[in-house]
Structure formats: C-alpha cells, structure tokens
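Please open the model in your viewer and keep the sequence panel beside it. The stops below each give a selection to make and then describe what is found there.

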Amino acid sequence: VPFVPREGNYVSWYACGPTVYDAAHIGHARNYVTFDTIRRIMEDYFNYDVNLVMNVTDIDDKIIVRARHKHLVSEYKSQIASLDAKTLQDVETAFHDFVGTKLGETITNDAGWKLYVDKVGDGKNPEMVAVDEKFTTKFEAAQAAFEAIVSARLSMAEGSASKEAAEALVVASEDVLAPWLDARLATTVKDHRIFRDLAAHWEKDFFEDMDSMQVRRPNIITRVSEFVPEIIAFVQRIIDNGYAYECEGSVFFDVDAFDGKNGHFYAKLKPTAKGNQALLAEGEGVLSQTKFNRRNKYDFALWKKSKAGEPEWPSPWGVGRPGWHIECSVMASEILGEHIDLHTGGIDLNFPHHDNEVAQSEACFDNHQWVNYFMHVGHLLIEGMKMSKSLKNFITIKDALRLYSVRQLRLLFVLTPWNESLDFKMQAMPDIIKIESSFDNFFANASALLRDYREHQYESDGKRRFLAPEMELLDALKETKSLVHAALMDSFNTPAAMRALRSIVSRTNVYLQRGRANIDPQILEMVALYVTKIVRALGLGNDSSLSAIGWGASPSSTATDGELPADRESVLRPVASVLSDFRDAVRELALSGGDKRALLGLCDKVRDVDLVDLGIILDDHGDGSALIKFGDPEKLRRERAARQAEEDAKQAQKEAAARATEAKRQERLARGKLSPMDMFRTAEMAEQYSAWDDNGLPTKDQMGEDLPKSKLKKLAKEQSAQAKLHDEYLKALQA
C-alpha cells in the first residue's frame, strides 16, 4: 500500500503512549524503539516533516488501584507504634482473605496453609499457571506474608515488639495487606494528588528509560488529566449524533447504532474479534465490571461514573472520569485534527482499543476515515514465552541495559521485521554483538586509513589508484544504495537494509586486504559515509555530524555533535601523561644499559595497556608503521580483559599439564630410588624367594626349588626396567 500523507510532505502521527503505573519493560522498549526507528527513517532518510503526538495515560483503573494501595499501606504503616496483637491480627485476616479470593482456598489455620503448600509445591505448577497466569505471583505473595506472620509471632513471644518489627511485617505482607485495606478503606481516598503523584513518578521514569534507549521525544506529549473538558465535549457530540447513550451516570457507545449505519463499520482493524467479551472486558478495566443496564453487552464506556475512592470530574451525566478508549480519540484529534495520517501502537491494541478509537472518532466527526494508516508492532516473547512477572521472565529496560548496550538492543530490534513477533533469547545476543563488532571494526579501520590518507593526500607519486577493483567496489556501493532504498520503501524492511549494509562492509573489508599502499581511500570514504548515514538513520548511531564516520559520539561523552570538548587540556593531558611515562621509562632503560627486548616490552605496554585505556588502538601493519584507530575505552577494556582471561585459562591449562607431567616424573624417580640389585631382596620379596644370583636376581622359590626359565625371564625383564628407572634417579641426584 503506498504511503500518501494528506498534506504533501507533512505527516500527522499519533502514537499510543504508556499507562504510567509501573516500570517500563523490554516489551515497551521493543514498541517505542521500533517506532523511533521508523520515525528516524521517515525524517532522516525520506525527509518527511513528522509531527508525532504521544499520550501519557494518567487516568486509568490500574493507576487508581496501584495509587490507592500504595497510599493506604503507607498510611497504615505510619500509624503503627509497635508490633501488637491488632497489627498481627490485621495481617492474618488479610492473609486469609487473600488466599480465599485470589487462590480460591479456604484456610483457617497454619496447618491448612502448610497442607496447601504441600499440594502446590513452589506455585509453578503448569496446570495452575495455565488456568491463572498470575498464580505464581499470588502464591509467592501469600507465602511471603505467611512467613512474615510466623516470624512476627516469634518476635512477640520473645518480647520483641519494636516499631521496626511491625514495619517489617507490613512490608513483607504488603501484597496481601493492600487489597484488604483497599476493600475496607478505598472510599476514604479522595485527594486527586494521590493518583497524579503516582502517575507523575512513573511518567518521569518512563521517559528516563526512553532517553536511555535514545528514543527521540515526541513533538507533543498529551496527558489525559489535561484534556477532561475536551473529552466531555467529544462524548456529548457522539451522543448528539446518535451513537452513544447515558446509562446510570455513565455513557456508553452504541455499537448497534453505529455498525453498518450511514457507511460506518465497527471493528475495521480486526473484524474477527468483534464481540470478544474477554478482550472487551479487559479494555473496560478492573474497576469497571459493575453490571450496568447497557443496551448491548459489547457497548463500551465513553464516560465512567466514579465510585467513592476514584478520581472524579463534573459532567452533564454526573461526576465521573473518562473511559480508556475515548482518551486517545480526543487527544489525537485535538492536536492533529479530524483526519490523521498515521496511528501506531502494539499489536495487542488493535482490538478493542484502536477499533474503538476509530468508531468513536468517526461517530463524533461523522466521517468514514479518521486514520489513513495503522501500524502495530509485533509481540515480544522471552525465550518463547509471554513475558510475565509470574514466570520470572519480566525484564525491565533498566535490567536489560545492565546486560547489553543500547546499540545492541536496538540492533536486535532493527534485525527483526517490525510487525512480527520477536523472541528475546539470551543465546542469540552474542550474534548481535558480533554484528556490532563487525561495524565497529569497519568504522575504526576506515577512520584510521582516511586520517592517514589526509595527512599525505597531496604527496602524489604519479600512480593512478582508482582502477578495476575500485570500480567494482563503486558498482557494489551503487547496488547497495538501491537495495537499501528498496528495503526501506518496502514497509520499512530494516532486516533487508541491514543485510545490504553488512554485505557492502564485508566486500569493502576484502578490498582493504590489498594493503593501504594498494587501495584508493576515496572509494573507502564513499562506502563509509554511506554506511554511516544509514546506520544513523536506523537509530543505531547518535545524532552527530554526518561528516564524521561511524556511530557518532558516545551517549556518555561530554562532546556534542562529534566535536571535542572545549577544554583542550582535558583531552590532551591523558595522552601527554602516557607519552611522558613512556619517555621516562625509555630514558631509564637507556641509562641502565637495557636490552632491545625490554624496550620492545615498553612499546607493547603503551600499545596494549596505556593507549587502550584512552580508547586509542595502534594496529601494527606489515610495512612497519601502525594505523591509529579510536574506539570506546570501556569496550576495549572489556575485550582486553576477555583476551587476558582466555590467555590466563590457556596458561592455567599449560601449568596444570606441566604439574601433571612433573608429578609423573617424580613418581618415576620415587620408583627408581630402589636399586635393581635390591628390588627382589625386600622383606616382601624375601617371603617369595630363597636364593639370588650375584646381580640380585632370584634363582629359587621359597621352597628351594629352581625357578622355571619363563619366570626367570620375566624377573630379568622387570630388573632391567628398574635399572633404567634407577639410572634416571641417580642422574637426577647429580643434576
């Protein structure tokens, strides 16, 4: 399908943003990084003028519940002066209530819980998880509370009833205590700031994560709480158009009045999901399961009557709050108008959320095409399974960034089609790191060769260098540009674009093997600049000047736009220190009459240790001169440490083998200590024989009978072998 914006080069884009009640996870990263990549391609490669609007959902059932729980537990804790019978009784009651409502078990005493634990084990029973994917989390919360209760009883029995002990009980039992407190005290929570403060905290955390992942900020950020008057007006307009109705203080969208009427159709994006009660209920929220006398079970809420303990705003239908789906319709339309070019979100939002957005907006504006293009990013799985805290495979963005770099994670996403599921597997990441390293090495080599070339570019020897190999590489570059362009035109096929880039990098590396005396750096620069342009357009680099080859300035660098800091001394002092230390060492070596090997050792130390710590690589070439390259100091240190660890392991194996060899040698020497003349005269042997010849070889057995010739032959062979061992022993003594 061709992409044709409504207003020339201008693209109006609305992105469904986060519901801010918890930490962002790697699934969020896949969603927002993927669309950031697409945005960068549109802006930096295709040169579209993109206006990206993204919402922050700060009014939602999950936020309300989480905020109330946090507030009520905090208030409860603040009122505790010591560990007393009432506090313990409250937690025990909350525990029994939690087990009954969340786990479906009636537990009246400790023995009953222990029997239940014996039945379910660690709570990871596949059959139980299949019925309730959150079973493990619920079970672990109950078990933690039970253990805290037992511990609190012991403390009280021992006379330890401090405030700290009480707080420890509450903290360990928070997951079971919070819903119990909420059931009793939810109606007392009336301050809007309680809900807003939680949302503000997690909104800040979300954007910090996005900044860490180098996701460009939206042009405009909207918050639901700032658009309530506009939402009320929008809902009233839908009612006036005959597509919604008031019911007991709430307002519902009338699906039957809309679907198939006046050219409208419901569930355009996913028609097969129409009427799916599970998805519809999930979209309505955990606090919105009250039985209303709505006209049809698939009608969804535009405005929700607020119950006590929920945020509320006045409206023509009574105090209430917006429904989830209406929020995006209003915020998008208020900023971008009645027609929008592009709308994006996760694949799980296509129904009911996006389908309901479409229906509401077309019902409000009475048009038939509110959004021209929808894009839904595929699911992210963890080792083939849905990500879930219950399954212990929940990875926050911060957790992921402790394991891998921003670029490595973005590479993983870029190498997967945006609309397909991505299985995040740890064993796949080494391949991603190898791909990153291949580009690192290419950029470092290209930068170093071009730096060297510019220093001598006017010193022509009269020899033409742009010959057949260069023409072949130029043709390959032309083909690469064509392949990349076709890939990006083909629904942002970033994996195909990356294949083309990797191919031209590989081909250029082969060309560079001719040696720097036999290459033309001009074609190298053409390739390197093009690869730089594309990797940055894909969001794999940084927004530095494209005149510099490579990824761009490190996000942690104090430099801006690829330039060095203004403080010249801070740049030069580390290098000057290395040169000064090297000079001092060489001078001392010369004065002491040191040999050539020691001097070369100093040179190796500068190359392998001192300069590496500064991010400088000296790549020795066969022509006797080194190529100067630059890299990330931390990465170079990690690579050096890995090489050192490998060398240490080899050395350890070598030393172990030497010890084993020496142990065998010592064993032989110990056996050789006995003279062959005496080997058959030991106390043990004297019991077997009664006569020996002059060389100590037995001739008769213990009964005085002559030994058979076969026996004599065998004993003579053994004595000869011992003579060799004894000879080795004597030589070792003389050494």
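Rings of Phe, Tyr and Trp (its six-membered ring) are said here to pair if their centres lie within 6.5 Å, and the planes of a pair count as stacked under 30 degrees apart, as edge-to-face over 60 and as tilted for the rest. This is a predicted model, in which local features need pLDDT of at least 70 and side-chain atom pairs count only at pLDDT 80 or more, while totals for chains, interfaces and linings use all residues. Residues are numbered from 1 along each chain as its sequence is written, and side-chain values use heavy atoms, with hydrogens and water left out.

**Aromatic rings**

Select Phe95, Trp113, Tyr116, Phe135, Phe139 and Phe146 to begin with; ring pairs link these residues into a cluster. The count of aromatic pairs by this rule comes to 28. For one of them, show Phe3 with Tyr48, whose ring centres are 5.6 Å apart and whose planes stand at 85°, so this pair is edge-to-face. Phe3 lies in the segment before E1, and Tyr48 in the loop between H1 and E2, so the pair ties together parts that are 45 residues apart in sequence. (Helices, labelled H or I and at least four residues long, and strands, labelled E and at least two, are DSSP runs numbered from the N terminus.) Phe3 is partly exposed, at a relative accessible area of 28%, and Tyr48 is also partly exposed, at 21%; buried means under 20% relative accessible area, exposed over 50%, and partly exposed in between, with a 1.4 Å probe and protein chains only.

Move next to Phe680 and Tyr689, an edge-to-face aromatic pair with 6.4 Å from centre to centre and 85° between the planes. Are these two residues buried or exposed? Phe680 and Tyr689 are both buried.

**The hairpin**

From there, select strand E15 (residues 689-692) and strand E16 (residues 698-701), which pair in the antiparallel sense over three bridges; two strands count as paired if DSSP finds at least two bridges between them. Trp692 has Pro698 as its bridge partner in E16. Five residues lie between the strands of this hairpin, and Gly696 takes a positive phi near 85°.

**The parallel sheet**

Now colour the open sheet of five strands, whose order is E3-E2-E1-E8-E9 with parallel pairing. Which strands stand at the edges? They are E3 (220-223) and E9 (371-377), each with a single partner strand, so one side of each is left without a neighbour in the sheet. On average, neighbouring strands of this sheet are turned by 20° against each other, direction ignored. Within the sheet, E1 is joined to strand E8 (residues 340-346) by three bridges, and the two run parallel; Ala15 has Thr344 as its bridge partner in E8.

Add H1, which packs on the sheet and touches E1, strand E2 (49-56), E8 and E9, its direction making about 130° with that of E9. Then add helix H9 (residues 192-212), which also packs on the sheet, touching E2 and E3, with its direction at about 140° to that of E2. Contact means heavy atoms within 4.5 Å, and axes are lines fitted to C-alpha atoms, for helices over the stretch in contact, with angles running from 0 to 180 degrees between N-to-C directions.

**Two histidines**

Select His25, in the loop between strand E1 (10-15) and helix H1 (26-45). His25 is buried, with a relative accessible area of 17%, and, leaving aside residues up to four places away in sequence, touches Met387, Phe394, Ile395, Thr396 and Ile397.

Go on to His354 in helix H14 (residues 350-365), which is buried at 0% relative accessibility. Beyond residues up to four places away in sequence, the contacts of His354 include Cys16, Thr344, Phe374 and His376.

**Where two helices cross**

Finally, show helix H10 (residues 228-240) with H13; their axes come within 10 Å and cross at roughly 105°. That makes H10 roughly perpendicular to H13, a word used for 65 to 115 degrees, where angles under 35 count as roughly parallel, over 145 as roughly antiparallel and the rest as oblique. Among the residues that make the contact are Ile231 and Phe234 of H10 and Ile326 and Val330 of H13.

End on Glu334 in helix H13 (residues 324-336), which is partly exposed at 45% relative accessible area. Glu334 touches Phe227 and Glu230, not counting residues up to four places away in sequence. The C-alpha atoms of Glu334 and Glu230 are 8.0 Å apart in space, although the two residues are 104 apart in sequence.
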